[in-house]
Amino acid sequence: MRNTILFGGTNKERLVSVASAQALCEALPEADLWFWHIDDTVHEVTKAELLGHKRPFEDEFQPVSRGVPLAQALNRAKLEARVLVLGLHGGRAENGELQIMCEMRGVPFTGSGSASSYLAFDKIAAKRFAALGGVPSPASIDLGNLDEAFAEYGKLIAKPVRDGSSYGLIYVVAKQDLVAVRNAAKAEEYIIEPFITGTEATCGVLEQADGKMFSLPPVEIVAAEGRFDYTAKYLLKSTQEICPGRFAPEVTVQLQDLAVKAHRALSCSGYTRSDFIISAKGPIYLETNTLPGLTKASLYPKALKAQGIDFTDFLHDQIVLSVKRTQR
């Protein structure tokens, strides 16, 4: 089968996707490159075009070739026996829509299937299912009770229910922030939670083609300005991402156990990365990423390296796993 890296997408995370594709391209130099443009067309791209794009987190990638509609590209992938290595994040790339289009055609792709992708992408539903799986998460606050909750907790955090890479994150620390939350909630659904003081952490889970599944070493995140938003993630060099994290041994065990529980509760496959806050009461679950970033600066590749797993070997194994899943 022909390996094809699919990257880009029609949502805000398409910039991160280009950076992930650059890392994937270097690890899989034989793979073809397909760019999913914001206008919902797919374009063939050369390695020189992709690797020559120097500021992926800030500048839009513009393909040279003419594109074809997404559905037509997926039909071609089926006819040409292609495996799609997904260097995609967020939106229709991660909410299950792309996955169901592939599944209906019998096109193998890396990452979780359509149902689990849809579930994990909805932060409210993901918290509910994770809780049923034994993973503690913060209380949810109704928009109508925003003022009362702010008076009670003193600090809140609000984020889009269906978005990633910390886009739209609102730290509620003053009364004017309540106005910002209400305005943002007019455009898209928001989840509001008490702000939990503690160290930010993330923990990857890896499922291999031989059936083994295990947690990777957790990552400790020290945001430069105390806020791990898009700028802190991708643009500030002062943000520290320490792997393995400097956690007490019992906290490391808890994080790894909870990450696996979340992965299973959401019926994920391949690989995921779950985010937590280490509170005074222990790790508190925030969300699960079914297509976490794979850029050179991303957290999941750092955890693979700490585990002693070569990035290229990881990708080849995920490709084998995706083909096996499709054949079932």
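**Exercise 1: An open sheet**

In what order do the strands of the open sheet of 5 strands lie, and with what pairing?

*Solution.* A quick note before we start: this is a predicted model.

Step 1. Read across the open sheet and you get β4-β3-β2-β1-β5, with mixed pairing.

Step 2. Now look at the two ends. The edge strands are β4 (68-69) and β5 (82-87), and each of them pairs on one side only.

Step 3. Zoom in on one pair inside the sheet. Strand β2 (residues 32-36) and strand β3 (residues 41-45) run antiparallel, joined by 4 bridges. To find your place in this pair, start from leucine 33, which stands opposite valine 45 in β3.

Step 4. A bit of background helps here. Strands of a sheet pair through backbone hydrogen bonds, either parallel or antiparallel.

**Exercise 2: A chain of pairings**

Follow the pairing from strand β9 to β11, and then from β11 to β12.

*Solution.*

Step 1. Strand β9 (residues 199-207) pairs with strand β11 (residues 219-222) in the antiparallel sense, over 3 bridges. Glutamate 200 is a handy marker, since isoleucine 221 in β11 stands opposite.

Step 2. β11 also pairs with strand β12 (residues 240-242), again antiparallel and over 3 bridges. Here valine 222 has glutamine 240 of β12 as its bridge partner.

**Exercise 3: A hairpin and its enclosed strand**

How many residues sit between β13 and β14 in their hairpin, and why is β14 described as largely enclosed?

*Solution.*

Step 1. Strand β13 (residues 271-279) and β14 pair in the antiparallel sense over 7 bridges.

Step 2. The two form a hairpin, with 2 residues between them. Look for isoleucine 278, which stands opposite proline 283 in β14.

Step 3. Now check burial along β14 (residues 282-289): 8 of its 8 residues are buried, so the strand is largely enclosed by the rest of the structure.

**Exercise 4: The nonpolar cores**

Which residues of the largest nonpolar core touch the most other members?

*Solution.*

Step 1. This core holds 50 residues, and the ones touching the most other members are Ile5, Leu6, Phe7, Leu84, Leu98, Phe311 and Phe314.

Step 2. Which helix gives the most to this core? That's helix α1 (residues 14-27), with 6 residues.

Step 3. There's a second, separate core as well, made of 21 residues, among them Ala126, Ala130, Val251 and Tyr285.

Step 4. Back to leucine 98 for a closer look. Leaving out residues up to four places away in sequence, leucine 98 touches Leu6, Trp36, Leu70, Leu74, Leu86, Leu88, Arg92 and Ala93.

**Exercise 5: Leucine 304**

Is leucine 304 buried or exposed, and what does it touch?

*Solution.*

Step 1. Find leucine 304 in helix α12 (residues 299-307).

Step 2. Its relative accessibility is 0%, so leucine 304 counts as buried. The cut-off for buried is under 20%.

Step 3. With residues up to four places away left out, leucine 304 touches Leu206, Leu216, Ile309, Phe311 and Phe314.

Step 4. Compare sequence and space: leucine 304 and alanine 201 are 103 residues apart in sequence, and 15 Å apart C-alpha to C-alpha.

**Exercise 6: A cavity**

Which residues line the second largest cavity, and how do they split by class?

*Solution.*

Step 1. The count is 2 cavities of 30 Å³ or more. The second largest has a volume of about 40 Å³.

Step 2. Its lining consists of Phe109, Thr110, Gly111, Ser269, Gly270, Gln318, Leu321, Ser322 and Arg325.

Step 3. Sort them by class and you get 2 nonpolar, 6 polar and 1 charged residues.

**Exercise 7: Backbone oddities**

Where do alanine 81, serine 267 and proline 244 lie, and what does the backbone do there?

*Solution.*

Step 1. Start with the general rule: most residues other than glycine have a negative phi, and most peptide bonds are trans.

Step 2. Alanine 81 has a positive phi of about 50°. You'll find alanine 81 in the loop between α3 (70-79) and β5, and it is partly exposed at 34% relative accessibility.

Step 3. Serine 267 has a positive phi too, of about 55°. Its place is the loop between α11 and β13, where serine 267 is exposed, with a relative accessible area of 55%.

Step 4. Last, the peptide bond from cysteine 243 to proline 244 is cis, with omega near -5°. Proline 244 lies in the loop between β12 and α11 (249-265).

Notes: Residues are numbered from 1 along each chain as its sequence is written. This is a predicted model: local features need pLDDT of at least 70, side-chain atom pairs count only at pLDDT 80 or more; totals for chains, interfaces and linings use all residues. Side-chain values use heavy atoms; hydrogens and water are left out. A nonpolar core is a set of buried Ala, Val, Leu, Ile, Met, Phe, Trp, Tyr and Cys residues joined through side-chain atoms within 4.5 Å. Buried means under 20% relative accessible area, exposed over 50%, partly exposed in between (1.4 Å probe, protein chains only). Contact means heavy atoms within 4.5 Å. Two strands pair if DSSP finds at least two bridges between them. On a 1 Å grid over the protein atoms alone, a cavity is a set of points where a 1.4 Å probe fits but cannot get out, and a pocket is an open set with protein on both sides within 12 Å along at least five of seven lines; lining residues have an atom within 4 Å of a point. Grid points are joined across faces, edges and corners, and a volume is the space filled by probe spheres set on the points. Ala, Val, Leu, Ile, Met, Phe, Trp, Tyr, Cys and Pro count as nonpolar, Asp, Glu, Lys and Arg as charged, and the others, Gly among them, as polar.
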